[in-house]
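Please open the model in a viewer and keep the selection panel at hand. The tour below proceeds from stop to stop, stating at each what to select and what is found there.

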Amino acid sequence: MTTRLEIRRPDDWHLHLRDGAMLKTVLPESARHFARAIIMPNLVPPVVTGDDARAYRDRIMAALPDGYTFDPLMTLYLTEHTDPDDVAAAHASGLVKAVKLYPAGATTNSASGVRDFDRVRPVFERMSEIGLPLCVHGEVTDAEIDIFDREAVFIDRVLDPIRRATPGLRVVMEHITTSDAVDYASAQDSTLGATITVQHLMLDRNDMLVGGIRPHYYCLPILKRGSHREALQRAAISGDPRFFLGTDSAPHATHAKENACGCAGCFTAPIALACLAETFEGLGALDRLEGFVSLHGPAFYGLPANTETVTLTKGAPQDLPPPLPVEGGSSVTVFDPGRPLHWSVL
Ligand code: NCD
Ligand code: ZN
Ligand code: ZN
């Protein structure tokens, strides 16, 4: 039985760090384990221009405690007014590694997102020319489409038409949650990648809804039925380089989650690696963990894999971290997968 696993230091290809007091609380939790992360731009107001991204990166680096090394890979929030020249300049300077597409109204802080996809065609065309990836929150927002179907419908109605209209555009399907997304991604060429979260690999909608409603399991896209979780697990352990980790660790104050109208997002960063080791081991695929967390993502983004390593060890189940205090009096509750975690990161 394996009780010790040394892998290249991982990266997180989809992370929410927020700003201000919350940033201070959550940043060390990611920087402790991950070398780099794709930083989501859905602040209020959003990170739209190259200048916004530069200022946000400076705030992140200022919040990083001494002794940590961490490289925030910045993204721009695509709006219908985004200027292709600004995007290209931010990419050329090395600052920005992706542009993020939020369909307006699809998720947390997406109100400034895109309503009419034709209006951003010139940005997509420039991104295709310069090889800058588009990260996509892939859900339609039409009220008549059931929330459990919104990802599958997005693929047919929005994603595939965009990719056909802009050949060569590199696209990351973010936080995929369905077998439909796995099947679509598996059938594409290497211009397409897909990230998978910890919670979508470990849980399905029954975990969220049977025996009481668990607000800390509520995220978007919403957890689906068990057969979809199994398809995601098969993709994650397949060794297919198109699938890689994006935790989508998305902190909200505890009171905003445990609420009559709770916010979407799971704060997984502190235990993401332990959860993944537990999950991959349970699937008999510990040998595939390094590819998923440390190798496939950099290859997609054209970056070198990290040279340092981290060591995971297996022992007695670890206690879950208590809610972390946030300056100003609130707290943020750490994701509890509802099963013992035997792995920890040295
Ligand atoms: C994210 C957030 O809180 O910013 N929430 C979530 O449920 N995943 C937004 C997002 O990634 O869609
Ligand atoms: Zn999203
Ligand atoms: Zn997210």
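What volume does the second largest cavity have? In this predicted model, the second largest cavity has a volume of about 60 Å³.

**Stop 1: the second largest cavity**

To display the walls of this cavity, select Val136, Gly138, Glu151, Phe154, Ile155, Leu159, Met173, Glu174 and Ile176, which line it. Colouring by secondary structure is helpful here: helix H5 provides four residues, the largest share of the lining. Colouring by residue class shows six nonpolar residues, one polar residue and two charged residues in the lining of the second largest cavity.

**Stop 2: the zinc ion (ligand 2)**

Next, select the zinc ion (ligand 2) together with His137 and His175. The zinc ion (ligand 2) is coordinated by His137 through ND1 and by His175 through NE2, at 2.0 to 2.1 Å. His137 lies in the loop between strand S6 (134-136) and helix H5 (150-165), and His175 in the loop between strand S7 (171-173) and helix H6 (179-186), so the two residues tie together parts that are 38 residues apart in sequence.

Are these two histidines buried or exposed? His137 counts as buried because its relative accessibility is 1%, and His175 is likewise buried, with a relative accessible area of 3%.

Display the angles at the zinc ion (ligand 2) as well. The angles among its four donor atoms run from 52 to 149°. The site is irregular because four donors count as tetrahedral only if all angles lie between 85 and 135 degrees.

From here, add the zinc ion (ligand 3) to the selection; 4.0 Å separate the zinc ion (ligand 2) from the zinc ion (ligand 3).

**Stop 3: the largest cavity**

The structure holds four cavities of 30 Å³ or more. The largest cavity has a volume of about 100 Å³. To find its centre, select His16, Thr107, Thr108, Leu220 and Asp248, which are the closest to that point among the 16 lining residues. By class, the lining of the largest cavity comprises four nonpolar, nine polar and three charged residues.

**Stop 4: the largest pocket**

Finally, turn to the largest pocket, which holds about 180 Å³ of space. Which residues are the closest to its centre? Select Ile213, Arg214, Pro215, Tyr218 and Gly262: of the 14 residues that line the largest pocket, these are the closest to the centre. The lining of the largest pocket divides into nine nonpolar, two polar and three charged residues.

How values were computed: Residues are numbered from 1 along each chain as its sequence is written. Chains are lettered from A and ligands numbered from 1 in the order in which they are written. This is a predicted model: local features need pLDDT of at least 70, side-chain atom pairs count only at pLDDT 80 or more; totals for chains, interfaces and linings use all residues. Side-chain values use heavy atoms; hydrogens and water are left out. Donors are N, O and S atoms within 2.8 Å of the metal (3.2 Å for Na, K and Ca); water is not among the atoms, so sites may look incomplete. Four donors count as tetrahedral if all angles lie between 85 and 135 degrees; four count as square planar and six as octahedral if opposite donors are over 155 degrees apart and all others between 65 and 115; anything else is irregular. Buried means under 20% relative accessible area, exposed over 50%, partly exposed in between (1.4 Å probe, protein chains only). On a 1 Å grid over the protein atoms alone, a cavity is a set of points where a 1.4 Å probe fits but cannot get out, and a pocket is an open set with protein on both sides within 12 Å along at least five of seven lines; lining residues have an atom within 4 Å of a point. Grid points are joined across faces, edges and corners, and a volume is the space filled by probe spheres set on the points. Ala, Val, Leu, Ile, Met, Phe, Trp, Tyr, Cys and Pro count as nonpolar, Asp, Glu, Lys and Arg as charged, and the others, Gly among them, as polar.
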